[in-house]
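Please look over the sequence and the structure below. A short report on selected features follows them.

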Amino acid sequence: MVFGLFGGKGRNEPEEEEDDVEPVSFLGPLNGQEVNLKANGRLVEAGLLRAKDLITDAMERRADSVRIDPKGAQSVVTIFVDGMPYPGGKLGKTEANAITQMLKLLSGLDIKERKTVQVGGIKAEFDEKKYTLGIKSIPVAEGERLLVRINDNKAKLETPSDLGMGEPMRLKLRELCQDPGVVLVCGPPNSGLSTSFFGVVRNIDAYIYTIYTICDLEGRSMIQTTAMDREPGETLDLSITKAARREANVLVCEPLKTSEVAKTMLARHESINMLAEMSAKDTASALLQLLEWVGDPALVAAGLKGILTQKLVRTLCSECKLAYKPKAEFLKKLGLPVDTPMLYRKPPEPAEGSQEEECEKCGGMGYYGRTMMFELLEISEGMKQTIQSKPDANAIRAQMRKDKMVTLQQDGLRLVAEGRTSLEELQRVFKPA
Ligand SMILES: [Zn+2]
């Protein structure tokens with residue numbers, strides 16, 4: 001049993017249950033290349049069913065990604081569910097190699113090339129849903145590492161309320177996008193940053209405001225926005241002029257990655273409202289990076305309207321979460337309302353050899369899916385002064401507290417009070433790395 005994931009209980013039973021599952025279908029590479037299965041008959045024979053088994057098994061468990069790592073004579077499979085790694089068993093070298101090469105072939109990559117990083121994708125269908133499998137092969141000392149990212153094309157996280165944002169913050173954010181100025185959406189890499197960024201765009205009232213985009217929508221359907229036509233090599237400055245001339249209210253920009261773009265955005269802050277995502281570990285580091293890039297604190301203070309930062313947290317499984325009555329003292333210490341009736345946690349691991357059935361919905365993990373915590377920095381008068389005083393991260397955080405801004409931790413506690421996640425999970429995500 002290669003893919004005995006969650007302790008293997010229930011997986012060693014007669015296999016008839018597994019036969020009911022229609023395996024994943026591979027529908028061709030994303031790059032549109034023709035895949036010649038006939039010319040690779042031996043590889044197909046050795047790898048196709050195994051690759052299907054591996055991916056089907058991962059999809060059945062709602063995995064976001066799968067990693068195959070060569071380690072000596074074997075390869076180790078790790079399956080990530082809601083961002084958490086779970087052991088996915090071991091594969092023999094030949095087996096692992098066949099799966100790796102097969103998935104490379106199916107994504108239109110060069111199977112003879114094993115010394116450089118290759119990136120591709122496969123269109124797939126499973127359980128009547130369409131998926132995109134991102135495939136990345138990376139040469140390592142002992143062979144090739146394979147990463148498979150499983151993207152559900154119809155993922156539901158589309159609006160700020162789907163993303164778990166509370167109503168007050170949603171309204172504030174909407175306000176920030178009404179007038180000219182710069183609004184940034186930040187988060188660590190691989191934290192669903194683009195998802196929350198487009199959630200913010202969807203939050204803008206498209207009946208009242210005209211929204212133009214000049215960024216890659218990554219296949220998202222954004223009917224409330226208009227993609228702006230740009231000439232090849234057109235500068236951001238010119239795009240801003242064009243959008244403003246057409247009386248657009250909001251321009252959704254490319255991710256903010258360079259000093260040049262930051263300078264242009266701030267220099268034009270009076271022309272239009274500009275939204276951009278930016279990779280940063282927290283709000284204070286995002287602001288410091290922006291100050292460094294722009295090099296003009298007064299301009300940042302004048303043109304920046306807000307920074308939204310987000311972080312992912314796993315949500316408790318609704319089927320098996322356990323309620324407990326917290327003491328009033330404890331609630332006070334956490335800063336939660338003392339009349340919070342119940343808090344929830346994941347059920348304890350069943351004892352060794354116990355006959356207890358594991359939860360069918362979450363497979364005994366106790367968590368199912370993820371949601372986001374948010375923190376919103378607004379530019380108060382105090383924050384304007386802080387920005388112009390050559391601040392460090394502590395000074396920015398102190399001002400945020402003074403302005404009574406909701407922090408990521410506080411927003412996480414709101415999710416705990418709502419019974420959507422546990423204190424244990426919050427501790428895990430805020431543990432210093
Ligand atoms: Zn459960």
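The report takes up a metal site, the cysteines, two sheets and one serine.

This is a predicted model.

**The zinc site**

Start with the metal. Which protein atoms hold the zinc ion? The donors are the SG atoms of C317, C320, C359 and C362, lying 2.3 Å from the zinc ion. The angles among the 4 donor atoms run from 104 to 115°. The site counts as tetrahedral because the angles all lie between 85 and 135 degrees. Ideal angles for four tetrahedral donors are 109.5 degrees.

Along the chain, the donors of the zinc ion are spaced as C-x2-C-x38-C-x2-C. C317 and C359 are 42 residues apart, and the pair links distant parts of the chain. C317 is in the loop between β13 (304-316) and β14 (322-324). C359 is in the loop between β15 (343-345) and β16 (367-378).

Are C317 and C359 buried or exposed? C317 has 0% relative accessibility, so C317 counts as buried. C359 has 17%, and C359 counts as buried too, because the cut-off for buried is under 20%.

**A cysteine without a partner**

How many disulfides does the structure hold? The number is 0. A disulfide is a covalent bond between the sulfur atoms of two cysteines. Take C186, which is in no disulfide. The nearest cysteine sulfur belongs to C177, and that sulfur is 13 Å away. A disulfide needs the two sulfur atoms within 2.5 Å, so this pair does not count as one. C186 is buried, with a relative accessible area of 0%.

**Two open sheets**

One open sheet has 7 strands in the order β1-β5-β6-β7-β2-β3-β4, with antiparallel pairing. Where are the edges of this sheet? They are at β1 (25-29) and β4 (84-92). Each has a single partner strand, so one side of each is left without a neighbour in the sheet. From one strand to the next, the twist averages 25°. Helix α3 (residues 93-106) packs on this sheet and touches β1, β2, β3 (74-81), β4, β5 (118-126), β6 (129-140) and β7. The direction of α3 makes about 115° with that of β4.

Another open sheet also has 7 strands, in the order β10-β9-β11-β12-β8-β13-β16. Here the pairing is mixed. The edge strands are β10 (226-227) and β16, and each pairs on one side only. Helix α4 (residues 167-176) packs on this sheet, touching β8, β12, β13 and β16. The direction of α4 makes about 50° with that of β16.

The table shows one strand pair from each sheet.

| Strand pair | Sense | Bridges |
|---|---|---|
| β2 (residues 63-71) and β7 (residues 143-152) | antiparallel | 4 bridges |
| β8 (residues 181-187) and β12 (residues 273-279) | parallel | 7 bridges |

Now look at single residues in these strands. I68 has L146 in β7 as its bridge partner. V185 stands opposite E277 in β12.

**A buried serine**

Where is S239? S239 sits in helix α6 (residues 236-245). S239 is buried, with a relative accessible area of 0%. Leaving out residues up to four places away in sequence, S239 touches I214, M228, R230 and E234. How far is S239 from G364? The two are 125 residues apart in sequence. In space they are 51 Å apart, C-alpha to C-alpha.

Methods:
Residues are numbered from 1 along each chain as its sequence is written. This is a predicted model: local features need pLDDT of at least 70, side-chain atom pairs count only at pLDDT 80 or more; totals for chains, interfaces and linings use all residues. Side-chain values use heavy atoms; hydrogens and water are left out. Donors are N, O and S atoms within 2.8 Å of the metal (3.2 Å for Na, K and Ca); water is not among the atoms, so sites may look incomplete. Four donors count as tetrahedral if all angles lie between 85 and 135 degrees; four count as square planar and six as octahedral if opposite donors are over 155 degrees apart and all others between 65 and 115; anything else is irregular. Buried means under 20% relative accessible area, exposed over 50%, partly exposed in between (1.4 Å probe, protein chains only). Two strands pair if DSSP finds at least two bridges between them. Axes are lines fitted to C-alpha atoms, for helices over the stretch in contact, and angles run from 0 to 180 degrees between N-to-C directions. Contact means heavy atoms within 4.5 Å.
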